[in-house]
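Biologist: I am new to this structure. Could you walk me through it, one question at a time?

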Amino acid sequence: MTITIWIQTAPAQQWSVGRELRFRVRQALTENNIEIGVPRQIYTTNGAANPPFSALESSTES
């Protein structure tokens, strides 16, 4: 999910304002039980994707 917001701030205040904004957005999402997904990446080798997680889990079980 990407949320783009433009905010006008006083000079040199953009970092503290941005930090406070992200905190308040995160707090509002948490209060309303809205979960943010976890970023995932799939790495490929020679054009073939790695096996799914279930295959990895079953191969490590004894």
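Modeller: Start with a contact. In this predicted model, the side chains of Arg24 and Glu20 meet in a salt bridge, 2.8 Å from N to O.

Biologist: How many salt bridges does a search of the whole structure find?

Modeller: A pair counts when a side-chain nitrogen of Lys or Arg is within 4 Å of a carboxyl oxygen of Asp or Glu. Arg24 and Glu20 meet that at 2.8 Å. Over the whole structure, the search finds one.

Biologist: In which helix do Arg24 and Glu20 both lie?

Modeller: The two residues are four apart. That spacing is about one turn of the helix. The element runs over residues 14–31, and its name is H1.

Biologist: Is Arg24 buried or exposed?

Modeller: Exposed means over 50% relative accessible area. Its partner Glu20 has 36%, so Glu20 is partly exposed. Arg24 has 55%, so Arg24 counts as exposed.

Biologist: In what order do the elements of the chain run?

Modeller: The chain has two helices and two strands. One of the helices is H1, residues 14–31. Strand E1 covers 44–45. From the N terminus on, the order is α-β-β-α.

Biologist: What share of the residues count as buried?

Modeller: Buried means under 20% relative accessible area. The chain has 62 residues and exposes about 6,400 Å². Carbon and sulfur atoms supply 55% of that area. The buried share of the residues is 3%.

Biologist: Which residues form the nonpolar patch on the surface?

Modeller: Together they have about 590 Å² of accessible area. Ile3, one of them, lies in the segment before H1. Ile36, another, sits in the loop between H1 and strand E1. The full set is Met1, Ile3, Ile5, Ile7, Val25 and Ile36.

Biologist: Is Ile36 exposed or partly exposed?

Modeller: The cut-off for exposed is over 50%. Ile3 has 53%, so Ile3 counts as exposed. Ile36 has 42%, so Ile36 is partly exposed.

Biologist: What separates the C-alpha atoms of Ile36 and Arg26?

Modeller: Ile36 is in the loop between H1 and E1. Along the chain, Ile36 and Arg26 are ten residues apart. Their C-alpha atoms are separated by 9.1 Å.

Biologist: How much space lies in the largest pocket, and which residues are closest to its centre?

Modeller: The space is about 320 Å³. In all, 15 residues line the largest pocket. Closest to its centre are Ile3, Ile5, Gly18, Leu21 and Arg22.

Biologist: Which classes make up the lining of the largest pocket?

Modeller: Ile3 and Ile5 belong to the lining, and Ile counts as nonpolar. Arg22 is there too, and Arg counts as charged. By class, the lining has nine nonpolar, four polar and two charged residues.

Biologist: What is the phi of Ala12?

Modeller: Most residues other than glycine have a negative phi. Ala12 has a positive one. Ala12 is in the segment before H1, and at 66% relative accessibility it counts as exposed. Its phi is near 65°.

Biologist: Which residue in the loop between H1 and E1 has a phi near 55°?

Modeller: That value is positive, in a residue other than glycine. At 70% relative accessibility, over the 50% cut-off, the residue counts as exposed. It is Asn33.

Technical notes:
Residues are numbered from 1 along each chain as its sequence is written. This is a predicted model: local features need pLDDT of at least 70, side-chain atom pairs count only at pLDDT 80 or more; totals for chains, interfaces and linings use all residues. Side-chain values use heavy atoms; hydrogens and water are left out. Buried means under 20% relative accessible area, exposed over 50%, partly exposed in between (1.4 Å probe, protein chains only). On a 1 Å grid over the protein atoms alone, a cavity is a set of points where a 1.4 Å probe fits but cannot get out, and a pocket is an open set with protein on both sides within 12 Å along at least five of seven lines; lining residues have an atom within 4 Å of a point. Grid points are joined across faces, edges and corners, and a volume is the space filled by probe spheres set on the points. Patches are made of residues with over 30% relative accessible area and no salt bridge: like charges are joined within 9 Å, nonpolar side chains (Val, Leu, Ile, Met, Phe, Trp, Tyr) within 5 Å. Accessible areas come from the Shrake-Rupley method with a 1.4 Å probe; for residues, only the protein chains shown count as cover.
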